Amino acid sequence: MTGRTFTDPSVLAGIAAGASWADPTMDPALIDWSPRRAAAAIPFPLVDGRPVNPYAPTGIRYGRNELGHWGEQRCADAIVTATAGPRRAIVMVERSDGHGWALPGGYADPGEAPADAAVRELREETGLVADLADPWVKVLPARYVPDPRASDEAWMVTTPVRFDLGSYYEWACLPVVEGRDDAKRARWVVADSYARLVEHLHNVYCGEVFAAHRDLLAEILGDAR
């Protein structure tokens, strides 16, 4: 084989510990790909029995980089917005793995609906409880995300779920959020536009947006300052 080969030690540790988030086999050709390809949100090819990221190359041709499963990995992200006085706000979490500030979200459990996964991850990472019966909840189409942890053989596809909490008199009235689980901290962030979001994270927290969520947030928030 040619091309860079890499699987992060954290994945190898997960395999050794029997973690559910890591496929135990180091040879993806041994996997029965029929059910995984049938369930995939975005079709992908196999080459010599190995999955190929439909958006390759990533810089890592073989191996899983920092992701646990071979092939497409499904997750859900919660986009929680509100209006506080004259400003639009969005809930963001600082990731504990050093990859920056992200939307609350994570892996969908087997058989778990994307909206349920988004609600669960939101609660686990921020303590905020969303109501799926709210008519303002909107499940957006699944999409590939350029996750820096991905490889040409393991990649992320997310289903974004939007939650609009309405209007609040001022910033201090917004629901309380706190970092939990694998989130170092959770905050309401200024989000009048994507540019304002980036500016706020940089100026207040010396932080930056998680690479996998930049395009998604720019589309949702708009680029105008």
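Which residue in β11 is the bridge partner of A78? The sections below answer this and then move outward.

## Strand β5 and its partners

The bridge partner of A78 in β11 is V161. That contact belongs to a longer pairing: β5 and β11 run parallel and are joined by 13 bridges.

β5 has other partners too. With β8 the pairing is antiparallel, over three bridges. There, C75 has Y107 of β8 as its bridge partner. With β6 the pairing is also antiparallel, over four bridges. T83 is matched with R88 of β6. Two residues lie between the strands in the hairpin of β5 and β6, where G85 takes a positive phi near 60 degrees. β5 is mostly covered, with twelve of its 14 residues buried.

## Confidence in the model

This is a predicted model. The chain has a mean pLDDT of 93, and 98% of its residues reach 70 or more. Confidence is highest in strand β3 (residues 50–51), at 98. It is lowest in β8, at a mean of 91. Where pLDDT is low, predicted coordinates should not be read in detail.

## Helix α3

Helix α3 covers residues 114–126. Its length can be checked. At 1.5 Å a residue, its 13 residues should span 18 Å, and the end C-alpha atoms are 18 Å apart, so the two values agree. After the helix comes G127, with a positive phi near 80 degrees.

The buried residues of α3 are A115, A117, A118, V119, R120, E121, L122, E125 and T126. What covers them includes β5 (71–84), β6 (87–95) and β8 (105–107). β9 (138–139), β11 (154–168) and β12 (183–190) are also among the covering elements. Strand β5 therefore appears twice in this picture: it helps cover α3, and it pairs in parallel with β11.

## Aromatic rings and charges

The structure holds four aromatic pairs. One of them is F44 with W155, an edge-to-face pair at 5.1 Å centre to centre, with 80 degrees between the planes. This pair links distant parts of the chain, 111 residues apart. F44 sits in the loop between α2 (33–39) and β2 (46–47), while W155 is in strand β11. Both F44 and W155 are buried. Ring pairs also bring in W33, making a cluster of W33, F44 and W155.

Two arginines lie over rings. R4 is over the face of F6, at 5.3 Å from the ring centre. The charged end of R95 sits over the ring of F210, 4.3 Å from its centre.

Note on methods. Residues numbered from 1 in each chain as written. Predicted model: local features only at pLDDT ≥ 70, side-chain atom pairs only at ≥ 80, totals over all residues. Heavy atoms only, no water. Expected span 1.5 Å × (residues − 1). Buried < 20%, exposed > 50% of the residue type's maximum accessible area, 1.4 Å probe, protein only. Contact = heavy atoms within 4.5 Å. Phe/Tyr/Trp six-rings, centres within 6.5 Å; stacked < 30°, edge-to-face > 60°. Lys NZ or Arg CZ within 6 Å of the ring centre and 35° of its normal. pLDDT = per-residue confidence, 0-100. Pairing = 2+ DSSP bridges.
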